[in-house]
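Reader: I've just opened this one and I'm new to it. Could you walk me through what's there?

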Amino acid sequence: MRLRTLTLAAASGAALLAAGVLPANASGNPAPASAQEGSVSAADLLAKVTSCSQISNGKYKTDDETSATVPVCGKNGAVFWKADMDIDCDGQRTTNCNENRDPWYQDDTAFHQSDGKPLKAESLPYVVVPSSSSIWNYSGAGIKGGGVVAVIYNNKVEYAVVGDTGPTKIIGEASYATAKALGIDPDPATGGADSGVTYILFKNSKVSPIESHSAAVSLGDQLAKQFLANN
């Protein structure tokens, strides 16, 4: 988990504006599967989350220095929020996720692979949820490690899993692989997106094994269809 400063956030936004959408292979590493995954469009999903029925007891900050403006919202079969995207590079050390590349690097994740090892942020799309607090308890809302998340940005859908937990008062973070697949600069120190990211977490879902992205896409597509039908 990392805490991005507003200075880095501003630099990231400027870089994104200057460079446009980052090519999928900009860092020279294979990207996760296509950022339009499954058969449900971003537009159809976003149409179901235009209004918020707040289920959190308060709101979250998107970064340490910002004010709390982001509620967790409830829908039939899911919860969602709209925020920024900070880059989580925690877990197993890889070429782009390590102490040298990430000032906030930690060698563990809250949830682990089927072999007991931490997740790989560089190759596995996953989302960070706020640690349970008086604001909101994710597990009490039916959200669990390995649960499926539809992450939507710039009219693209990427399916991820709940893979890590973060600070109790900050929301809006996903793994290096999630950002890269969505065309967001995945650099753990300077990358991310300042806004425009929607996270839809499907209740009582679980990908097995958690490290199988193809399983997340398959289950995510099924749950997204159910979500459209039930809302």
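Author: Happy to. Keep in mind that this is a predicted model. A good place to start is C89 and C97, which form a disulfide with their sulfur atoms 1.9 Å apart.

Reader: Which way is the disulfide of C89 and C97 handed?

Author: Look at the torsion about the S-S bond of C89 and C97, which is about -65 degrees. With that value, the disulfide is left-handed.

Reader: Are C89 and C97 buried or exposed?

Author: Buried means under 20% relative accessible area. C89 has 1%, and C97 has 0%. So C89 is buried, and C97 counts as buried.

Reader: How many disulfides does the count come to?

Author: Besides the link of C89 and C97, a disulfide joins C52 to C73, with an S to S distance of 2.0 Å. Counting bonded cysteines along the chain, the pattern is 1-2, 3-4. The count comes to 2 disulfides.

Reader: How many residues apart in sequence are the parts that C52 and C73 tie together?

Author: The link of C52 and C73 is left-handed, with -100 degrees about the S-S bond. C52 lies in the loop between α2 (42-47) and β1 (73-75), while C73 is in strand β1, so the pair ties together parts that are 21 residues apart in sequence.

Reader: And is C52 buried, partly exposed or exposed?

Author: C73 is buried, at a relative accessible area of 3%. For C52 the relative accessible area is 39%, and values between 20% and 50% count as partly exposed. That makes C52 partly exposed.

Reader: Let's move to the strands. Is β5 largely enclosed or largely open?

Author: Strand β5 covers residues 156-166, and 10 of its 11 residues are buried. So, with the rest of the structure around it, β5 is largely enclosed.

Reader: Which strand runs antiparallel to β5?

Author: Strand β3 (residues 126-130) pairs with β5 in the parallel sense over 5 bridges, and P130 stands opposite G166 there. The antiparallel pairing has 6 bridges, and V149 has A160 in β5 as its bridge partner. The strand running antiparallel to β5 is β4 (residues 148-153).

Reader: Which residue takes a positive phi in the hairpin of β4 and β5?

Author: That hairpin has 2 residues between the strands. The phi in question is near 55 degrees, and the residue is N154.

Reader: What about the largest nonpolar core: which element gives the most to it?

Author: The core has 60 residues, and W81, M85, W136, Y199, I200 and F202 touch the most other members. Elements that each supply at least two residues include α2, β2 (78-88), β7 (193-202) and α4 (213-230). With 7 residues, the one giving the most is β2.

Reader: Which residues of α4 does F202 touch?

Author: Leaving out residues up to four places away in sequence, F202 touches residues including I143, V148, A150 and Y159. The buried residues of α4 include H213, A216, V217 and D221. Among the contacts of F202 that are also buried residues of α4 are G220, L223, A224 and F227.

Reader: How far apart are the end C-alpha atoms of α4?

Author: What covers the buried residues of α4 includes α2, β1, β2, β4, β5 and β7. At 1.5 Å a residue, its 18 residues should span 26 Å. The end C-alpha atoms agree with that, being 25 Å apart.

Notes:
Residues numbered from 1 in each chain as written. Predicted model: local features only at pLDDT ≥ 70, side-chain atom pairs only at ≥ 80, totals over all residues. Heavy atoms only, no water. Disulfide = S-S within 2.5 Å. Helix = DSSP H or I, 4+ residues; strand = E, 2+ residues; numbered from the N terminus. Buried < 20%, exposed > 50% of the residue type's maximum accessible area, 1.4 Å probe, protein only. Pairing = 2+ DSSP bridges. Core = buried A, V, L, I, M, F, W, Y, C linked by side-chain atoms within 4.5 Å. Contact = heavy atoms within 4.5 Å. Expected span 1.5 Å × (residues − 1).
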